[in-house]
Structure formats: structure tokens, C-alpha cells
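Please find below a colleague's note on the model under review. The points are numbered for ease of reply.

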Amino acid sequence: MMTSENVVALNDVALEAWTSMIREQFPILKNRVHDKNLVYLDNAATTQKPESVLDAMDHYYRHLNSNIHRGVHFLSERATEAYEGVREKTRSFLNAASTKEIVFTRGTTESINLVADSFGRAFVKSGDEVLITAMEHHSNIVPWQLLCERTGASLMVAPIDDRGEIIVEEYERLLNGRTRIVGLAHVSNALGTVNPVKHLISLAHRHRIPVLVDGAQAAPHLRINVRDLDCEFYALSAHKMYGPTGFGVLYGKQNVLEAMPPYQGGGDMIRSVTFEKTIFNDLPYKFEAGTPSIAEGIGFGAALDFLTGLDWNAVSTHEHHLLQAATDALSEISGVRIIGNAAEKAGVVSFVMDDVHPHDIGTILDQEGIAVRTGHHCAQPVMLRYGIPATVRASFAIYNTKEEIEALVRGISRVKEVFH
Ligand code: 7TS
């Protein structure tokens with residue numbers, strides 16, 4: 001008879017085999033660092049890239065390289081087809097209604113700047129308010145600050161509690177007739193908190209306020225369904241989703257994007273130009289001035305294929321196990337304090353240690369071949385909220401293993417030996 005114990009054991013064996021199969025696809029993971037096996041736990045900064053993404057980009061440069069949207073020649077047509085195919089893949093990945101809603105950008109940062117600039121020019125004026133939360137990455141703070149400076153609007157901030165969760169009543173209290181837009185992270189890069197974005201969006205919608213979701217840290221870990229979330233905007237970066245740097249997406253509801261002016265001017269975003277008048281191109285091209293990162297777009301397409309081809313049951317079980325194992329092990333070490341204890345977390349464990357600066361911890365871990373990020377993680381207000389200058393952040397991806405968590409824990413013991 002199958003007991004619950006051996007079901008778990010079987011699952012563990014199956015998961016281990018699954019992880020090795022995944023690891024095989026990432027050549028960099030075979031590298032050694034300081035004569036140790038590389039333990040890469042800095043995935044929230046950027047993930048590693050599978051063979052299929054490397055191959056797609058290599059193939060593009062070897063066989064398709066040419067500019068897109070403008071040539072009648074063979075290469076240009078093939079490159080355009082490949083690039084535009086990625087738009088459909090992205091639409092399907094996000095469950096957007098139309099490819100007109102998929103704007104390609106350089107990444108989350110540019111996606112947010114695009115909205116702050118263009119939506120801001122059309123809809124935000126002096127006396128208005130922009131609402132964000134206390135756990136945002138700088139790229140979901142500074143573009144709004146710049147907009148507020150330009151227009152005379154005010155930046156409002158919904159606070160978080162000690163566990164690192166948004167205080168929903170406070171957020172709700174800050175939504176009012178002056179609020180023009182809300183910007184909030186789906187998953188916090190510094191704390192790992194998964195926000196109840198669907199609920200937060202519906203609260204904003206009661207006041208007819210549009211919402212931008214910063215999905216940079218969610219897209220690699222969660223299934224994203226923009227129609228179910230009902231957000232007006234969703235921003236993400238390819239490089240955190242096993243794809244290349246320099247490429248990202250802004251999803252926007254078609255009627256909202258239609259009402260927004262262009263962000264940048266240049267080639268591709270126009271239908272016709274005279275010195276007297278320029279007629280802008282249709283969506284999404286209206287927001288895509290100039291030659292884009294074509295190879296990176298094609299690499300992102302391969303990353304989307306990789307992600308959609310995964311067994312998501314295995315992904316969430318495995319990533320949950322990693323997070324739990326790291327949280328349990330670090331909680332047992334005296335002098336270690338985890339920052340961010342939200343009920344729902346994804347991908348990230350941030351911590352500090354008594355009497356040792358995070359940078360020193362990072363340097364000692366590096367000597368063991370372990371890559372973590374130390375610092376404020378571009379979320380200085382979060383550090384301020386907890387009264388700390390920095391944390392050590394271990395962040396996980398599907399290819400990480402329990403052995404790597406054990407290596408991290410051994411590394412922390414080494415730090416204690418050195419400092420005590
Ligand atoms: N939003 C969040 C929540 C992020 O984590 C990041 C990058 C960004 C926006 C900006 O993304 P980019 O691709 O445009 O740079 N976060 C991190 C990090 O945590 N460590 O390095 C980059």
C-alpha cells in the first residue's frame with residue numbers, strides 16, 4: 001500500500017530527476033568558481049540561460065540577421081516573422097486579448113518609464129496623486145517621482161507591516177478621487193512577498209483607478225494571466241525569465257494604450273512623416289521607436305518556449321521546497337534574522353546576521369563558489385523600513401537544488417567561524 005510517506009519520497013526522487021534534467025540545459029552551471037562548484041543563488045538579479053535561448057540567438061545572427069519591419073528581401077522577411085512570432089507567444093504567455101497589447105521594451109524599467117511618461121503626460125496633473133507601495137524596487141519609484149516633479153502631483157506610499165505584507169486597509173484608505181494610477185510589485189525583490197495583486201487591483205478599480213503591476217520578480221515563478229488580474233499594465237524583464245538582457249514587455253489594455261501619446265519618436269513608430277505633421281503607427285508599434293533588440297527578442301521567444309514547456313506543478317513544488325528548506329535552515333542558525341516573513345513568498349530569502357556586514361558575508365560565500373546578492377537590492381525604502389543598511393539575498397530558480405541550500409548553510413557557518 002502507498003503511504004503518504006512514500007508518496008513524498010517518490011515525489012522527491014521524481015523531483016530530483018526533474019531538476020537534473022533542467023540543470024543539464026544550463027551550461028554555465030557546470031562552471032567552477034574559486035575552484036568550487038558554482039552555486040548560483042542570485043536569480044532575482046538575473047537568471048542563467050538555457051541552451052535553447054543561446055542557440056536561438058546564435059542562429060539568428062548566423063542565419064537571419066537583418067533589420068525588421070522594413071525589408072522586402074528574404075532575410076528581413078524571415079527576421080520579421082521570427083520577431084513578430086514572439087509577440088504572439090508573449091500574448092499567449094500572459095493571456096492578453098491581442099498582440100496590440102504587447103509592447104516590446106528594454107525591460108521592466110523601460111516599461112514603467114514608458115507608462116509614467118506617456119500616461120503621465122495624458123492623465124496626470126498638479127494636485128493629482130500616484131500611489132505605490134513601500135516595497136517597490138527603485139524602478140517602480142523613481143519614474144513616478146519624476147512624473148510628480150514634472151506635474152506637481154504627489155507620490156503616496158501604502159505602508160507594509162513587519163512581516164513585509166502590504167497593509168491592505170491603509171492601501172484602501174489611500175485610494176481616492178485624486179489617485180490617477182497605482183503602481184505595485186507582484187512579487188517583492190527584496191522580501192519575496194507575493195502581493196494579493198488581484199484583490200489590490202479590484203480595490204483600485206472601485207475608484208476607476210488604473211493599475212500597473214511590476215511583474216519583474218513574478219514572471220519567472222508564477223503563471224501570469226493579465227485578463228484574470230484585470231490590470232491595465234503589466235511589466236516584465238526577459239533576463240529574469242531565463243531570457244537575454246535588454247529585452248522586456250509592457251502589457252497594456254488596448255483602450256488605455258490607444259489613449260496614450262507616443263513615448264519616444266523615431267523610425268517604426270510612425271505611419272507617415274512630413275515636417276508639418278506626423279501620423280503615428282498603430283499599436284503596439286506606436287510605442288516602439290527605432291530598431292529593437294532583435295536577437296534578444298528572438299532569445300526571449302525561446303525562453304517563453306522553455307517556460308511554457310515546463311511542468312508547472314513541478315516548478316511550484318520544487319521552488320516551494322527550496323524556499324522552505326532555506327527558510328528552515330537559516331532560521332535555525334543563531335544570529336541570523338530573516339527579513340520578510342510574509343505568508344506568501346516566492347523565490348527570495350533575505351537575511352542579516354548579528355555583527356557581520358552583509359558585504360562580508362557575500363565575500364566569504366563567494367570564496368565558497370556561492371553567488372548571492374548583498375546590499376539594498378535597489379529597494380532602499382525597504383531597508384529603511386526595517387532599520388538596516390542591507391541584507392544578504394539568496395534567490396532561487398528552477399535549477400537550484402537542496403544540496404545548494406546546504407552549501408549556503410555551510411557557507412554561513414564558515415562566516416561565523418571567521419567572525420566569532
Ligand atoms: N522591478 C523589480 C521588482 C525588480 O526586481 C527589478 C530588478 C526591476 C523592477 C528592474 O528590472 P530591470 O530588468 O529593468 O533592471 N531587480 C533586480 C534585483 O533585485 N537585483 O538586480 C536587479
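**Notes on the ligand site and the two sheets**

1. Ser-237 stands opposite Gly-248 in E10. The strands concerned are E9 (residues 233–237) and E10 (residues 248–252), which pair in the antiparallel sense over 5 bridges. The model is a predicted one, and the remarks that follow should be read accordingly.

2. E9 and E10 belong to an open sheet of 7 strands, whose order is E4-E10-E9-E8-E7-E5-E6 and whose pairing is mixed. At the edges stand strand E4 (102–105) and strand E6 (154–158); each has a single partner strand, so one side of each is left without a neighbour in the sheet. From one strand to the next, the twist averages 20 degrees.

3. Ser-237 also takes part in the ligand site: one of its polar side-chain atoms lies 2.7 Å from an oxygen atom of the ligand. A further contact to a ligand oxygen atom comes from Asn-189, where an N or O atom of the side chain is 2.8 Å away. On the nitrogen side, an N or O atom in the side chain of Arg-373 is 2.4 Å from a nitrogen atom of the ligand. The protein buries 87% of the 480 Å² that the ligand exposes when taken alone.

4. Which residues are closest to the ligand? They are Thr-109, Asp-214, Ser-237, Arg-373 and Arg-393, within a shell of 15 residues that surround the ligand. By class, this shell comprises 8 polar, 4 charged and 3 nonpolar residues.

5. Why does the ligand lie between the two domains? Domain 1 (4–49 + 311–419) and domain 2 (54–308) both contribute residues to the shell, so the ligand is placed between them.

6. Two of the closest residues, Arg-373 and Arg-393, are also connected through strand pairing, since Arg-373 stands opposite Arg-393 in E17. Strand E17 (residues 391–395) runs antiparallel to E16, and 3 bridges join the two.

7. E16 and E17 form part of an open sheet of 4 strands with the order E13-E14-E17-E16 and antiparallel pairing. Strand E13 (336–339) and strand E16 (373–375) are at the edges, each with a single partner strand, so one side of each has no neighbour in the sheet. Neighbouring strands here are turned by 30 degrees against each other on average, direction ignored.

8. In summary, the ligand has a side-chain contact with Ser-237 and another with Arg-373. Ser-237 faces Gly-248 in E10, whereas Arg-373 faces Arg-393 in E17.

Terms used
Residues numbered from 1 in each chain as written. Predicted model: local features only at pLDDT ≥ 70, side-chain atom pairs only at ≥ 80, totals over all residues. Heavy atoms only, no water. Near = heavy atom within 4 Å. Polar contact = N/O pair within 3.5 Å; in protein donor to acceptor, adjacent residues only side chain to side chain. Areas by Shrake-Rupley, 256 points an atom, 1.4 Å probe, with all protein chains shown as cover. Nonpolar A, V, L, I, M, F, W, Y, C, P; charged D, E, K, R; others polar. Domains from an automatic or database assignment. Pairing = 2+ DSSP bridges. Axes fitted to C-alpha atoms, helices over the stretch in contact; angles between N-to-C directions.
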